[in-house]
Amino acid sequence: MTVTEQQMLDLVGHRFPGGRYRIEHWENWLLTDCTGAEQLPDGLVHPIALFHVPILGSGTSITKLFELGHADGAGSVGLESYDWEYLEPLREDLEYRIEGAITSVERRTTDEGQVYDALAFTIELFDADDRVVARITNRWRFRRAKP
Amino acid sequence: MNVRVGDEVPPWTMPSVDPARMKTMAAILRDPYPVHWDRAANTRLGLDGRVINQGPLNLGYIVNMLHAWAGAGNVRRLTVSFGRPVLDGDHVTACGRVVALDEEHGERRATCEVRLDRDGETVVSGTAVVRLP
């Protein structure tokens, strides 16, 4: 195992650069279509936008998160849980300010002896009046190769 | 909308998870992870040449069920855990049941147990809070 538990614990508190994100109509249209749903009315953004919008809008990416977590190649990262809060529905063509950080890391071992790190990050979206409109905490599993 | 604790949310079904949609989703997410779009790569990983649906899409089927029931724009919170992966061609059904009714921020809200099932196996489970119209 090349990544120590301490290396992973040191990630707690790591802040993403922060930034802004505007969800355009074409993007929301395709996103909604991917779920198999009819398009939503009144410029409402499909709620699953709370996966990629916080990540990209906070100035990070799936690739960078995999690098931070020392992902060990394809198939080594899995989802554990999401906790997504919508204080207001998201809308197309509004700009959101977005910031967040890595909030916890825990090394665990399954009953089968597989070691993995559960890494959680929390990101908030703010509207033009600086009110929080959405908050997410995602927890991903980084599986470690057996020594 | 007349809702009681114990009510079932009408299920929402995706008859066959479509790998083409996973490719579009990967582009939207800027997700370079080949398990979602490269069957050859998955064969090398021992995944039987089928691609893995993105977690947000699995959750999306649950959201679609909630929208069909309570209307778009009314989801207030989603808290879910992921079990086994959903693969292309899978037939999945989102299900839910009302477990609590509350008033919060001047809204009438239902807390629902939600899940995504495949062939009798639950692959996503959790709770959703929904504003009732």
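Which residue follows α3(A), with a phi that is positive, near 90°? That is A:G59. Helices here are DSSP runs of H or I with at least four residues, strands are runs of E with at least two, and both are numbered from the N terminus.

Some ground rules. This is a predicted model, where local features need pLDDT of at least 70 and side-chain atom pairs count only at pLDDT 80 or more, while totals for chains, interfaces and linings use all residues. Residues are numbered from 1 along each chain as its sequence is written, and chains are lettered from A and ligands numbered from 1 in the order in which they are written.

Start with the sheet. It is open and has 10 strands. The order is β1(A)-β3(A)-β4(A)-β5(A)-β2(A)-β2(B)-β5(B)-β4(B)-β3(B)-β1(B), with antiparallel pairing. Pairing takes at least two DSSP bridges between two strands. At the edges sit β1 (19–22) of chain A and β1 (8–14) of chain B, each pairing on one side only. From one strand to the next, the twist averages 25°. Angles run from 0 to 180 degrees between N-to-C directions, and axes are lines fitted to C-alpha atoms, for helices over the stretch in contact.

Now the join between chains. β2(A) and β2(B), residues 75–82, run antiparallel and share five bridges. A:S81 stands opposite B:S81 there. On the chain B side, seven bridges link β2(B) to β5(B), residues 121–131, again antiparallel. B:S81 stands opposite B:S125 in that strand.

Helices next. α3(A) packs on the sheet and touches β1, β2, β3 (95–109), β4 (115–126) and β5 (132–143) of chain A. Its direction makes about 140° with that of β1(A). In chain B, α3 (residues 55–70) also packs on the sheet, and β2 of chain A is among the strands it touches. Its angle with β1(B) is about 135°.

Back to α3(A). Eight of its nine residues are buried, so the helix is largely enclosed by the rest of the structure. Buried means 20 or more other C-beta atoms within 10 Å of the residue's own, with C-beta atoms placed from the backbone. The buried set includes A:F51, A:H52 and A:P54.

Last, the interface. 30 residues of chain A are in contact with 33 of chain B; contact means C-beta atoms, placed from the backbone, within 7 Å. β2(A) gives the most to the chain A side, with eight residues.

Definitions and conventions:
Two residues are in contact if their C-beta atoms, placed from the backbone, lie within 7 Å. A residue is buried if 20 or more other C-beta atoms lie within 10 Å of its own, exposed if 12 or fewer, and partly exposed in between; C-beta atoms are placed from the backbone.
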